[in-house]
Every structure is written in structure tokens, then in C-alpha cells.
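I open a fresh page for this entry. I want to look up helix packing, the ligand shell, backbone oddities and one strand residue.

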Amino acid sequence: MRKFGLIGRVLSHSFSQQYFTQKFSREGLSAECEYSLYELEMVDLLPALLKNNPELVGLNVTIPYKKQVIPYLNSLSEEAALVGAVNCIKINSDGTLVGYNTDVDGVRFSLDKLLGDTAVASALVLGSGGAAQAVCYVLRERSIEPCVVSRQAGKGDICYEELTQEVIASNRLIINATPVGTFPHIDECPAIPYDHITPSHFLFDLVYNPSQTEFLRRGLSKGAHTLSGIDMLYAQADKAWDIWCR
Ligand SMILES: NC(=O)c1ccc[n+]([C@@H]2O[C@H](COP(=O)([O-])OP(=O)(O)OC[C@H]3O[C@@H](n4cnc5c(N)ncnc54)[C@H](OP(=O)(O)O)[C@@H]3O)[C@@H](O)[C@H]2O)c1
């Protein structure tokens, strides 16, 4: 049996277990592969988890351990090191742990889908957490200048109060990398001036539940192009599977 799983603090609404269990069933792998949820009260319980589950070969990592897990790993992929966050761990047969960041693959896939051939020079990234770091990494890779919007002065590049019509007009790409709007708080949305959104704007929401968030709904009502976090979710999971099977 090859075991896979997800570590995080609260995993009751996890997408990954359902996704991988269905994948194993579809591909005739159910007898040899299993995906479980491992809720860890603290990240320092990871070594005990690995010791008690010697058949584990791959883990996904979610909130709040994407950064905290790094000291427990033997090495990092170049991207995970540059982003400073890990959402995928490969457990080698000798027990060594290698950290990867497959959120960047999800962001790449999503931006390709949303922007197509459209060139944009800069983007507003709402939120300054781990997901925002992966987003900024991919934007810079594409020579799109990120401007991180934070609730707190000094944490990002600007605050929500500084989002004038001019700032919105000069950033055609706006990415929600906050959890705002996630179920059950589906009526909430990031505090940006939606009245200044136009049909030449592109709105990408990393939130995937619901698929149509209030952020995207408001963008759509102004004629903007929109994309939910669902594509990113599938793309990052598929990349994790590639890594585990290498
Ligand atoms: N679709 C996918 O595959 C995928 C992959 C990864 C993450 N995600 C989603 O992306 C979102 C962010 O993930 P994360 O790991 O970066 O989460 P996080 O660390 O919990 O939050 C990201 C940032 O959002 C801002 N924020 C948090 N609560 C807020 C609130 N109530 N109002 C306004 N801003 C708030 C904070 O930035 P400031 O303090 O600077 O304002 C925070 O640093 C989550 O919803 C996650 O589910 C989706």
C-alpha cells in the first residue's frame, strides 16, 4: 500500500481526499493507494506521524503549516525555497523529505487560462500570506509587477484605503489571495472599489468554494473576465501526483 495524505490543523472541508480517492478509483489504484487526512494540533507532531505511518510516500500541506513545515524537511525544490512555502512533500524510500510548492503550477495554469495572449504590466494581489507569495513569484516570472494590498500598513505595498480609481485603472489584473468570500461567508468580498472595474479587467479568485464568489460576481457585473480557484486546485493536485510518482 502506498499512503498519501494531507496535513493541516482543521481538515473537515478538504478537497484533496475526495479528489485523490476518486482518482485512485478511476485509475484502478484503490487496492494499492490510499489518501487520508491527518489533522495535526502542532507541526512538531509530523515526525511521529511519519514514524507511525511508514507506508507514507507523499503529503500535501495546508494552513497553517506551509511555512512551519520547512525545518522538518531535508531539502526544498528551488521554487519552494524561493517562494518560502511548501504545499507538497515527497517522502523518499530512505525516509528523506523533499518540499515542493505546486501552488505555483496552479497559478501558472490559471493565469494562462484567464489572460490567454493578453499582456498586462502589473497586478494587484489582495492579501500577504503564503498563497500571495506563490502568486507574486509567478507574476514576477512573467514580468508582471505585483502590488500587494494588505489591511495593515507596511505589511504589503499598499493598503485597501489607497485603492483609488487611478490605481484600479492601472492594474488590469486583480487577484484575491485572501480567504474572504469562502463558504459559509459567501456574501463577503475584499474591500476594493468595484465601481472602477471595467471590461478590460481580469479578476482571479484563489477561493474555490463557492466557485462563483462575491468578488467574481461583482467583477462579472462590470464586464470583467473572471476565473475561480477551482482550476488552480486541480492543477496543484495533479502536479503533486507527478512529483510523488517520479
Ligand atoms: N485554489 C487553490 O488551489 C488554492 C491554493 C492555495 C490557497 N488557496 C486559497 O487562497 C486563500 C489564501 O491562502 P493563504 O494560505 O495565503 O491564507 P492566509 O495566510 O490565511 O491568508 C492570506 C492573507 O489574506 C489576508 N486576510 C486574511 N483574512 C482576511 C480578512 N478577513 N479580510 C481581509 N484580508 C484577510 C491576510 O493578509 P493581510 O493581513 O496582509 O491583509 C492574510 O495574510 C485561501 O482562501 C486559500 O484557501 C487556494
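**Helix packing**

I began with α4 and α5, which are oblique to each other. The model is a predicted one. I looked up the angle next: α4 and α5 pack at about 55°. Their axes are 9 Å apart. Angles of 35 to 65 degrees fall outside the parallel and perpendicular classes, so the pair counts as oblique. The hand of the crossing is right-handed.

I then listed the residues that meet. From α4 come Asp103, Val104, Val107, Arg108 and Leu111. From α5 come Ala131, Ala134, Val135, Tyr137 and Val138. By class I find eight nonpolar residues and two charged ones in this contact, and no polar ones.

Next I turned to α4 and α8. Their axes come within 7 Å. They cross at roughly 135°. The cut-off for roughly antiparallel is over 145 degrees, so this pair is oblique. I noted a right-handed crossing here too.

The α4 side of this contact holds Asp103, Asp105, Gly106, Val107, Phe109, Ser110 and Lys113. The α8 side holds Asp231, Met232, Leu233, Ala235, Gln236 and Lys239. I sorted the contact of α4 with α8 by class: five nonpolar, three polar and five charged. Asp103 and Val107 appear in the contact with α5, and they appear in the contact with α8.

**Ligand shell**

Which helices each supply at least two residues of the shell around the ligand? I find α4 (103-115), α5 (130-141) and α8 (230-245). The ligand is surrounded by 26 residues. The closest are Gly127, Gly129, Ala131, Ser150 and Gly229. Ala131 also belongs to the α5 side of the contact with α4. By class, I have eleven nonpolar, twelve polar and three charged residues in the shell.

**Backbone oddities**

I checked the backbone against the usual pattern. Most peptide bonds are trans, and most residues other than glycine have a negative phi.

I found a cis peptide bond between Ile63 and Pro64, with omega about 10°. Pro64 sits in the loop between β3 (56-61) and β4 (75-76).

I found a cis bond between Asn209 and Pro210 as well, again with omega about 10°. Pro210 sits in the loop between β11 (202-205) and α7 (214-221).

Then I looked at phi. Ser143 has a positive value, near 60°, and is not a glycine. I place Ser143 in the loop between α5 and β8 (145-150). Is Ser143 buried or exposed? I count 10 other C-beta atoms within 10 Å of Ser143. The cut-off for exposed is 12 or fewer, so Ser143 is exposed.

**A residue in β1**

My last look-up was Phe4, in strand β1 (residues 2-8). Phe4 has 23 other C-beta atoms within 10 Å. The cut-off for buried is 20 or more, so Phe4 is buried.

What does Phe4 touch, leaving out residues up to four places away in sequence? I list Phe20, Cys33, Tyr35, Val57, Gly58 and Trp244. I followed up Trp244, which is 240 residues from Phe4 along the chain. The C-alpha atoms of Phe4 and Trp244 are separated by 9.0 Å. Trp244 falls within α8 (230-245), and Val57 falls within β3 (56-61).

Terms used
Residues numbered from 1 in each chain as written. Predicted model: local features only at pLDDT ≥ 70, side-chain atom pairs only at ≥ 80, totals over all residues. Near = placed C-beta within 6 Å. Helix = DSSP H or I, 4+ residues; strand = E, 2+ residues; numbered from the N terminus. Nonpolar A, V, L, I, M, F, W, Y, C, P; charged D, E, K, R; others polar. Axes fitted to C-alpha atoms, helices over the stretch in contact; angles between N-to-C directions. Parallel < 35°, antiparallel > 145°, perpendicular 65-115°, else oblique. Left-handed = near helix turned anticlockwise from the far one by under 90°. Contact = placed C-beta atoms within 7 Å.
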